[in-house]
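Work through the exercises below with the sequence and the model open. Each task is followed by a solution in steps.

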Amino acid sequence: MKAKDKAFIEELGGSADEALLSRYAYRVSDYLKSKLANRSSNDPLVKQYIPSASELEQSELERDDPIGDGAHSPVKGIVHRYPDRVLFTPVHVCPVYCRYCFRREMVGPKDGGGAAMLSQEELEGALAYIASRTDIYEVILTGGDPLVISSKQLDFILSRLQAIEHVQVVRIHSRVPAADPMRVDEKMLSVLSRFEKALYLAIHINHADELSMEVRGAIKQLRASGVILLSQSVLLKDVNDNEEALEALFRGLVALGVKPYYLHHPDMARGTGHFRVNIEDGQALMRGLQGRLSGLALPRYMLDIPGGYGKVPLEPIYIRRKGDILYEVVDYKGGVHDYPPKK
Ligand SMILES: *Cc1c(COP(=O)(O)O)cnc(C)c1O
Ligand code: SF4
């Protein structure tokens with residue numbers, strides 16, 4: 001690592017420890033460097049991107065592959081866990097490396113010196129798998145970050161998916177609009193706008209402070225290109241684990257035409273214990289936001305079950321059985337009301 005990068009990390013109160021930086025990839029985009037400069041070590045953006053000595057602490061329950069992708073990968077670049085949809089990961093690098101990343105053992109430039117992008121042959125293999133499985137209705141481009149590939153490569157992949165009849169929906173998951181908004185350029189926008197099937201883009205963003213002028217501009221252009229915009233966030237201790245932060249984030253997104261889709265409970269990735277939140281606390285946050293935010297602004301609170309068993313909602317339950325004849329429903333203010341079961 002360059003001395004300049006080390007100094008930058010240390011100025012922001014982070015750790016540039018060799019063992020840490022050789023284990024987990026570090027990178028911040030030039031855009032983010034300008035945004036991070038002069039912030040304090042407990043700033044929500046600094047916490048997301050600047051390495052911390054806490055990452056060297058591991059618990060026995062943490063895993064290399066916390067959500068069990070490996071168990072469901074039939075060919076390189078594909079994870080097929082649910083019958084109707086696959087993850088397609090053409091690239092394993094990102095514009096930035098989030099310190100809580102659930103794929104932190106897989107992403108980054110290291111990977112035994114291998115290429116960042118799937119080879120042409122591997123891409124063909126992944127596309128052939130998708131073409132051969134007529135039950136695949138939705139393809140989710142993820143990574144790494146699929147929007148770091150060139151517009152030409154993106155165009156190639158989207159055109160091929162366009163031609164597979166049973167694929168009706170394509171979803172892209174990306175950190176680029178929030179972490180490197182200048183990458184959202186005319187070429188990328190024109191590739192996205194040419195795609196004729198339903199195209200969704202889930203923007204990874206965790207804090208309202210990330211909605212800078214540049215990020216807002218990128219989101220507006222993406223919207224104008226006809227892509228349907230969603231967001232996904234990770235619930236992170238000392239970054240966004242309070243009602244005010246989540247409210248500001250979700251309201252900010254909805255006002256930009258982005259529907260908050262998922263709030264992920266943090267995964268059991270190695271060295272990420274300092275980001276973890278109790279499930280009860282996450283549920284209390286969701287309870288607090290219910291009624292205070294419109295349905296448009298409320299994402300689902302999700303857990304990815306370790307081992308590859310898929311995602312489940314963790315939202316609080318508002319209804320319970322009351323004796324044999326009734327239910328009790330709790331409203332958003334805590335009031336309790338009877339509700340009859342269907343006769
Ligand atoms: C998260 C995930 C999906 C997408 O799940 P949705 O609930 O549809 O957003 C699909 N496949 C795998 C393997 C996943 O991890
Ligand atoms: S952008 Fe996604 S895959 Fe890349 S480091 Fe962040 S969380 Fe991990």
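**Exercise 1: the largest cavity**

Task: in this predicted model, list the residues that line the largest cavity, then sort the lining by element and by class.

Solution. Start with the lining: the largest cavity is bordered by Tyr31, Leu32, Lys35, Arg39, Leu45, Tyr49, Ala178, Asp209, Glu210 and Ser212. Next, assign elements: α3 (30-36) and α4 (44-49) are the elements that each give two or more residues to this lining. The largest share is that of α3, with three residues. Then sort by class: five lining residues are nonpolar, one is polar and four are charged. Finally, note the volume, about 40 Å³. The structure holds one cavity of 30 Å³ or more.

**Exercise 2: the surroundings of ligand 2**

Task: state where ligand 2 sits and which residues are around it.

Solution. First, place the molecule: ligand 2 sits in the largest pocket. Second, collect its shell: Cys94, Val96, Tyr97, Cys98, Cys101, Val107, Gly144, Arg175 and His204. Third, divide the shell by class, which gives six nonpolar residues, two polar and one charged.

**Exercise 3: the sheet**

Task: give the strand order of the open sheet, then describe how β4 and β5 are joined.

Solution. The nine strands follow the order β1-β2-β3-β4-β5-β6-β7-β8-β9, and the pairing is mixed. At the edges lie β1 (78-82) and β9 (311-313), each paired on one side only. From one strand to the next, the twist averages 25°. Now take β4 (residues 169-174) and β5 (residues 198-204): these strands run parallel and are joined by six bridges. As an example, His173 has Ala202 in β5 as its bridge partner.

Notes
Residues numbered from 1 in each chain as written. Chains lettered and ligands numbered in written order. Predicted model: local features only at pLDDT ≥ 70, side-chain atom pairs only at ≥ 80, totals over all residues. Heavy atoms only, no water. Near = heavy atom within 4 Å. 1 Å grid on protein atoms, 1.4 Å probe; cavity = no way out; pocket = protein on both sides within 12 Å on 5 of 7 lines; lining within 4 Å. Sits in = over half its atoms within 2 Å of the grid points. Nonpolar A, V, L, I, M, F, W, Y, C, P; charged D, E, K, R; others polar. Points joined across faces, edges and corners; volume = space filled by probe spheres on them. Helix = DSSP H or I, 4+ residues; strand = E, 2+ residues; numbered from the N terminus. Pairing = 2+ DSSP bridges. Axes fitted to C-alpha atoms, helices over the stretch in contact; angles between N-to-C directions.
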